[in-house]
Amino acid sequence: MKLVIVAVGQRMPDWAQTAYDDYAKRFPPELKVELKAVKTEPRGSKTLETIYAAERERIEAAIQSSIGRNARIVALDERGTALTTKALAVKLKGWQLESDDVALVIGGPDGLDPAFRQAAHERIRLSDLTLPHAFARVLLVEQLYRAWSVNANHPYHRE
């Protein structure tokens, strides 16, 4: 199974890239994690619809090139379902049992195209707080690792 984090925005501070890389390398070979950063559409005088369309096209191309058309799409959205770590672990186990490759999508500064967000298989939120994009990537990969550790009875997660 493959987890692909598709995130709009290409620049991450060094601390965020280091933290992301640290968690990404911890996953076992049977659960690969990959980050696909896609270009943020320049804002300028463009309409929000134009921005959404350009970023959606890049997101869909990144998903297609990484895992294909049959991917489960999970949109990260402030209006999405709040999950505990254990609930995320249950979701991860279900994805693995169904052998679904999963694209977890983080939108740009204006979020995700509403139609893309609505068409996603699932919508989840990481926090009730507004998070910087770099931090969202790190938090997401850490929580995915923690969910795997819960399912594997690995000592990383403690209660």
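**Cavity and pocket linings**

The largest cavity is lined by Val-8, Tyr-52, Glu-55, Arg-56, Ile-59, Gly-107, Gly-108, Gly-111, Leu-112, Asp-113 and Phe-116. The model is a predicted one. About 40 Å³ of space lies in this cavity. The structure holds one cavity of 30 Å³ or more. Helix 2, residues 48-66, makes the greatest contribution to the lining of the largest cavity, with four residues. By class, that lining comprises five nonpolar, three polar and three charged residues.

The largest pocket has a volume of about 530 Å³. Its lining counts 24 residues, and the closest to the pocket centre are Leu-76, Asp-77, Glu-78, Leu-131 and His-133. Eleven of the lining residues are nonpolar, six are polar and seven are charged. Three elements each supply at least two residues of the lining: strand 3 (72-82), strand 5 (122-125) and helix 5 (133-151). Strand 3 gives the most, with four residues.

Two of these elements are also joined to each other. Strand 3 and strand 5 run parallel and are linked by five bridges. Leu-76 has Ile-124 as its bridge partner in strand 5. Leu-76 is also among the residues closest to the centre of the largest pocket.

In a regular strand, side chains alternate between the two faces of the sheet. Strand 5 shows such an alternation. Glu-122 and Ile-124 point to one face and are buried. Arg-123 and Arg-125 point to the other face and are not buried. Ile-124, the bridge partner of Leu-76, is thus on the buried face of strand 5.

Terms used
Residues numbered from 1 in each chain as written. Predicted model: local features only at pLDDT ≥ 70, side-chain atom pairs only at ≥ 80, totals over all residues. Heavy atoms only, no water. 1 Å grid on protein atoms, 1.4 Å probe; cavity = no way out; pocket = protein on both sides within 12 Å on 5 of 7 lines; lining within 4 Å. Points joined across faces, edges and corners; volume = space filled by probe spheres on them. Nonpolar A, V, L, I, M, F, W, Y, C, P; charged D, E, K, R; others polar. Buried < 20%, exposed > 50% of the residue type's maximum accessible area, 1.4 Å probe, protein only. Pairing = 2+ DSSP bridges.
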